[in-house]
4 protein chains.
Amino acid sequence: MSLLLTGATVIDGVSEKAVNGQSILVENGRISAIGRRDELPVTAVEKTVDLDGKFIIPGLMNANVHMFVNVLFETLVRYEGSYEDLIVEAAQVALNAGMTTVFDTWGPRRALMAVRDRIDRGEIVGSRIRCAGNIIGFDGPFSADFDGRIPGIGSSHFVDRVNAAWVENTGRHLMWMTPEAVGEEVRTYIENGIDFVKYASNEHGGTAAGAFIQFSERTQRAIVEEAHRSGLTAQSHSASVEGLRMSIEAGCDLVQHCNMTGPTEIPRETLDVLAQGDCGAVVFPLTDNGLEILKESISDLEWTMWKASDSNCRNLIDSGATILLANDGGILAPEVMQEPMIKGTWNGLPEEEALGRLATGHFIWLKAMEEKGMAPMDLLHAATRNIAKAYKVDDDFGTLEAGKIADMVVLDENPLQSAENYRTIHAVIKDGALVNRDTLPERPLLTAELPAPLEEEARYKRFLHHGVRLPGCPTCVNETR
Amino acid sequence: MSLLLTGATVIDGVSEKAVNGQSILVENGRISAIGRRDELPVTAVEKTVDLDGKFIIPGLMNANVHMFVNVLFETLVRYEGSYEDLIVEAAQVALNAGMTTVFDTWGPRRALMAVRDRIDRGEIVGSRIRCAGNIIGFDGPFSADFDGRIPGIGSSHFVDRVNAAWVENTGRHLMWMTPEAVGEEVRTYIENGIDFVKYASNEHGGTAAGAFIQFSERTQRAIVEEAHRSGLTAQSHSASVEGLRMSIEAGCDLVQHCNMTGPTEIPRETLDVLAQGDCGAVVFPLTDNGLEILKESISDLEWTMWKASDSNCRNLIDSGATILLANDGGILAPEVMQEPMIKGTWNGLPEEEALGRLATGHFIWLKAMEEKGMAPMDLLHAATRNIAKAYKVDDDFGTLEAGKIADMVVLDENPLQSAENYRTIHAVIKDGALVNRDTLPERPLLTAELPAPLEEEARYKRFLHHGVRLPGCPTCVNETR
Amino acid sequence: MSLLLTGATVIDGVSEKAVNGQSILVENGRISAIGRRDELPVTAVEKTVDLDGKFIIPGLMNANVHMFVNVLFETLVRYEGSYEDLIVEAAQVALNAGMTTVFDTWGPRRALMAVRDRIDRGEIVGSRIRCAGNIIGFDGPFSADFDGRIPGIGSSHFVDRVNAAWVENTGRHLMWMTPEAVGEEVRTYIENGIDFVKYASNEHGGTAAGAFIQFSERTQRAIVEEAHRSGLTAQSHSASVEGLRMSIEAGCDLVQHCNMTGPTEIPRETLDVLAQGDCGAVVFPLTDNGLEILKESISDLEWTMWKASDSNCRNLIDSGATILLANDGGILAPEVMQEPMIKGTWNGLPEEEALGRLATGHFIWLKAMEEKGMAPMDLLHAATRNIAKAYKVDDDFGTLEAGKIADMVVLDENPLQSAENYRTIHAVIKDGALVNRDTLPERPLLTAELPAPLEEEARYKRFLHHGVRLPGCPTCVNETR
Amino acid sequence: MSLLLTGATVIDGVSEKAVNGQSILVENGRISAIGRRDELPVTAVEKTVDLDGKFIIPGLMNANVHMFVNVLFETLVRYEGSYEDLIVEAAQVALNAGMTTVFDTWGPRRALMAVRDRIDRGEIVGSRIRCAGNIIGFDGPFSADFDGRIPGIGSSHFVDRVNAAWVENTGRHLMWMTPEAVGEEVRTYIENGIDFVKYASNEHGGTAAGAFIQFSERTQRAIVEEAHRSGLTAQSHSASVEGLRMSIEAGCDLVQHCNMTGPTEIPRETLDVLAQGDCGAVVFPLTDNGLEILKESISDLEWTMWKASDSNCRNLIDSGATILLANDGGILAPEVMQEPMIKGTWNGLPEEEALGRLATGHFIWLKAMEEKGMAPMDLLHAATRNIAKAYKVDDDFGTLEAGKIADMVVLDENPLQSAENYRTIHAVIKDGALVNRDTLPERPLLTAELPAPLEEEARYKRFLHHGVRLPGCPTCVNETR
């Protein structure tokens, strides 16, 4: 199994600059040599691809995705027993969009690991998945941490079954425990075969009024130590300046959405610690246009929070922190995407600014951070090398170097000229093989179109929809559904 | 006690036209003569008022007000034990606005009757009140008929106490009963001293999806017969074409908000019955401008309903029905008026189009019906004579004729030229006495200004208000309050 | 295809008494002769069954079942696209329990009709279904008429799709229409191929506080006339004494759950009309033991209602009304049956008194009415002949007579001795063929066992279940889920 | 102003034992001497009281009360503008029950301070109040921390006004801030004149699923330092083993309800730190009988929590921690006390075991801790000296010593024989004066009886109450209010 790519401009993630007229020889899934064609070893190559005028970059990575994010009650009922199908679909959407490796930071552990292993064994095509399972400390999808309305609506059998599949032994009840006892539970959970540990430094279900601390500093340290003892990296879900600081001090290898700290900007002291240490800083940036649109529809308090998150991105760039691309990327079913009720997801931003989409959100990230002043090569590193290092997989991934696994993206246009050019994907190569992108996803489920409404459904909507109140009543404040 | 009004143009509600240069002699609270000054009997007059250039019309009436409409939980708690104060305030606001008699068609019976009697005895100044107490068949303010959220929030003692004060023996449980048994309960309720009977032909808590029938035709007849047997008039709350038709067939003397029939216009057959019989047709019209504003903010289905209500008004004019002015007029506290939560009350219309305001809604009614093509003199009748006839008090009220009670409004401008001129109130005379309008309401409670927020309140709002969700979470659909 | 049953005691539903030693000859699905074996025509019989000591009665019927009653949100999501499978299961459970024909009075029309036709064509085995589709005037499963919490939880696409499948053109919006317009909608609905018309005389979503009238008398007549014009029978959902009276006067062929009239007993006048006319009276009785158990757990008001429903049953027996067996029979999934949240369904009665179970409720009905004094032969008629007559299918069903379709139940014990003996089913014959009861239902879905909880689920429940409030807080009334 | 008490057994809180035949001389509000009568200085005494056979103990204290705990929406509306009246009532109930000083640890700051000052100035009689105002970090009464249903029900004006009165600058938004910024806000709040600082180590609105940490360790230290810098004591609201540990390490002078740590017992390490340091340990114990009753009605998980809280009490006794009496004591209106809806307050325990009652809860505390093995003299210290020390007011209060303020309780029976004997209050002396207990509270508001329901209210309840569902419907899961 060998492949020769010739005549491209290579941006290897190591050199300071792009190099023209390079060839890359791939053997057995790994890069065996990079250089001018005549510099490469003479070997019988099974396939040669001429990439004259193209740009080769390392396979893109994403430090925070959710291959299974569609935790709508309805979706969970409908796909119970076939979660893996949805995860496969997501892995193929991700690969098609240039991401050869994604880090899933919250989801149903068993199904995620099963798909991870099937992809790793080459049984199915898809982005390489590394996963954490549950976020240590979070309760399940049907709880105050996510959709608290479902207990009381769903059968308790189903509610418990779903929650248990996410939570196992790592839920909110860990908040009752001593640091030592939490450490033991984390060890038990690691033994299930997860790839890294993510825990809650701040609560998930928080509001603009403030974000609770989930675990004391001592407990956070106990969790991180337990991960490291098992050779895994550790990271936190953080949502406030104290939650962020505690995570770094606890020894996290990276911290999720560092820039989301409510209305308060990250203080200088914490910026300095980040810049000097080796803790990766994941950020979730919005584009200038996205911020502009948001501003129109939100309260002053919310705007204060978005402004702080924007300033944090800029300050992290300026301070020299190691920044990682990530976006909570996932696939929401069209049913959901068209739903007035939860349209607020991603803040009602138009699709071209919606950071959280699995297929396009990383492009929006790159554009947003380019706008905030991040240098072109730093953008590339944020999407590749920095992620590999923070997750401690840089022996295999993150740059184009001889010996590394041959994950690459071929672009039509130069990404160092404009972040927009990351969208011009010509080809994706994973494990040294060209991906047949036209076929992905092979079996669209969540990405399939919604069927058109039946005639009777349209009629029903016209006549009975919503049961809105009768007009004109001065004394009716009764809610009717 | 005698009073002589001289030199005015009199629109007496009987003649086809206004008559210039008329004088009116009032003795002992009644009109003793109308005519040119030299035609009037020579008598020693205590007070003479020169009204040269002014216009005198009969005291305005309102066929449907709620002197106590503010059934917000908070208001009912705060004013428990002093409901009468709020009713006095409303009666004075109404009188100040030219309404010498109002018909209260839903409210707390004991308090309404107490204020009615105090005004009738001359102990306090205010619009003359005639009242129905509860609407036969409706449950209390804290029920599915009004604000169904309060049971579960309020103490059950308070909830029950309030509901009982409105409902007594006339609530929803009457729907369980035979027509005969309902008749008996109505008789019991009449014996409490109410002035007329109002019952539910349609439900109150209805939605755009449809309006239930509250009582069978046989039961409706039993209620009306019981009222008539006691010498009282009967009317219904109607909200659908069938509810309207049943009310008329049951023998009602008037029907409330005939034009509110959901998305279906009143059929020709029913229009004809109304035109030929002597059942008064109350309508709640919106102005053209009000409709225009509404259209922007409501659903297609709701708009269909408002269009039908507008067509009904026009068709009732065309068909020659006896139309009555009314508007559910009441006073909402400034606290409520400024409340985002229930701002929908009167559909978010700006104040100048909000039909339901006690102080101004009747002017909006007149303007709206003028726009729909009602003749000037018919407008006057709708606000005076027609109401008096429908309520069978036309021996005393509704026109300016010798022998009738001297209730009058003096206008600066001619109301027959433009309905807007009803707003130019120069003076109000009730029971033959000039009302000292400057002092009304004597003790503003609901019409008082809200105090400005404390500094700490403003600060609280800025920092903590609403607890809106944290930005950016793709999986949070949890409601937070 | 011929079958000879010999030596049994036959209770044919026509004679006053059971007759011993009878044989029944069945040819081509119909009864060709009944009599002593030597009286029967000599013919070549394909199969002879000796039923010495057994009792043959007409196939049991049920005047009110719901083959698809499990309108839990979760169930509807899970089985979307395969409603027919659930209906087949129910039809087989019913047949196994001796019911050869059932009348489905509310459900998803298309799926019900599809299964009806497959059974009629002999493609699948099951109780013969005749169905009404929606109850004219009711909104869908996810509405104020049933589970009003789901709009706001489910995606509006799904909510509308489900509601539309039930409602089509027959929902609450008919309450807005004139009688003539409602008649037209009913005609349109009939043309879809339903077997009979059921409409709402009273609302469905009612409370103990009273039951609204859904349609005026004139509209009810229009609906019934429309049914009769199409050759269909008409019936109503009734819940109050007025709703019942109006239904009878509108010309209904039968009225559902006549005995459910809230706290008010059916007046003598209505009992007389029922006794003299030919309107069938469906009742839902509880056993003495069931009532006893209920009494312990319900409020005084509720008890008043159950007492009235019990008195109504007794008075209907005494007055000579034509009484029909029915029980809202349906299958609730084990998941639901074990659900604390909705365990109240059928009032928390133990299974042996739970009237609404499809497999057993008819036996409870017979026991309950026996306790109330109904004569043994009248009980049989209520379960067979009376239903056939009311539904106007007595040419084919309801008694054992030559020429009728050969639907029979063979019992081990004499049902005229004790109603309990209806449970001793020896065999069921439908369309002249022995039913292979051992195989029914062929594919258990709702009647399958729930899987045991996973280990992690049990653990989750132990640690996190319900998120009950922390102990000891005097000021927390916040609901937490 | 001098008073001589003679002939009593004095338990002074200093000596190891009670001493018989002691006299106490009080001058100008302070104890000037204690001893045998003949040992006392000769002085002109204005009043001499013979207490032969009685027992004199220091005035009782309570380390955690809420003089204004009735944060029911209804109560707050009704008493807006007169909060002080309710606080006066509570202070008089407390004094009557033997508590001469109480520490109010959460309530409306301005009103509490106003009553505190009026009592201190001698303008009104009542227990001496020392107060913290809000708990730093908590949102207001109408928020997720307390009753989250009210926003959405109450007018936002009222909701904000009430919340602001409690929260001022100390609410949840402090969770967004850096430790330094929180410290500054605390300083601002202290400047208002509070007596001590209480902050949230754990959240208030927690559930059995776990308790969040409100503030990081660094922030907790910043708060405590700020209090100490101003000469005030600091304490925390703690609800988990980590919340407790962090509070102690942060330097708190006392920690509230140390024994409430969810299902996890306090670890040995923390017990040792408590025993060796000088941080006061408040506990909320239940009696054996109370626990027995609870066990019957709660879930296994809840029981685990109560068992842990009980073990904690015992372990704190054994480990030698400085234990303080407290009970969240407050007055709930009879309206509330009789309310089915929130009867769960204090867990449905019968009054004789309900720890939280202001008038009796301290007696229950003493009985409960006696049952758990606390020595008689330690019980007395827990109710007097330990509280004075922890709050750093032991120069003036907590023991009977010359020079201290003359707060005493005279008992009929020996409290060292049985904790029950604390109930035998013969007299209360505060600031050297006998309290006229018969007149307390002088103006009962919350402690007044509820008026009997009106006849119409009783009738309403009978007919319409609760709108419970109609019986027998298998498909209705709709909630009705």
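By what turn and what shift along the axis can chain C be laid on chain B? Keep that in mind as you open this predicted model.

**Stop 1: chains B and C**

Select chains B and C. A turn of 180 degrees, with a shift of 0.1 Å along the axis, lays chain C on chain B. The RMSD of that fit is 0.1 Å. Now pick C:Ile213. In chain C, its C-alpha is the one nearest the axis, at 2.4 Å. Next, look at the contact residues. Of those in chain C, 100% recur in chain B, and the same surface serves both copies.

**Stop 2: chains B and D**

Hide chain C and show chain D. Here a rotation of 180 degrees superposes chain D on chain B, with 0.1 Å of shift along the axis and an RMSD of 0.1 Å. The two copies are thus related as by a two-fold rotation axis. To find that axis, select D:Arg78. Among the residues of chain D, D:Arg78 comes closest to the axis, its C-alpha lying 2.7 Å away. Then colour the interface. The interface residues of chain D are 100% shared with the interface residues of chain B, so these copies meet through the same surface.

**Stop 3: chain A as a whole**

Switch to chain A and show the cartoon. You will see 15 helices and 16 strands. The radius of gyration is 23 Å, close to the 23 Å from the globule rule for 481 residues, so chain A is as compact as a globular protein of that length. Along the principal axes, its C-alpha atoms fill a box of roughly 85 × 60 × 40 Å.

Colour chain A by burial. Buried residues account for 61% of its 481 residues. Turn to contacts between residues at least 6 apart in the sequence of chain A: 73% of them join residues at least 24 apart.

**Stop 4: helix α7 of chain A**

Zoom in on residues 241–249 of chain A, helix α7. Is this helix enclosed or open? Eight of its nine residues are buried, so α7 is largely enclosed by the rest of the structure. Show the side chains of the buried set: A:Val241, A:Glu242, A:Gly243, A:Leu244, A:Arg245, A:Met246, A:Ser247 and A:Ile248.

What do they pack against? Within chain A, select α6 (217–229), β10 (233–237), β11 (254–256) and α8 (268–276). Then bring back chain D and add its α6 (217–229), which the buried residues of α7(A) also pack against.

Finish just past the helix. A:Gly251 follows α7(A), and its phi is positive, near 100 degrees.

Methods
Residues numbered from 1 in each chain as written. Chains lettered and ligands numbered in written order. Predicted model: local features only at pLDDT ≥ 70, side-chain atom pairs only at ≥ 80, totals over all residues. Buried ≥ 20, exposed ≤ 12 C-beta atoms within 10 Å, placed from the backbone. Helix = DSSP H or I, 4+ residues; strand = E, 2+ residues; numbered from the N terminus. Contact = placed C-beta atoms within 7 Å. Least-squares fit on C-alpha atoms with pLDDT ≥ 70 in both. Rg over C-alpha atoms; globule rule 2.2 N^0.38 Å.
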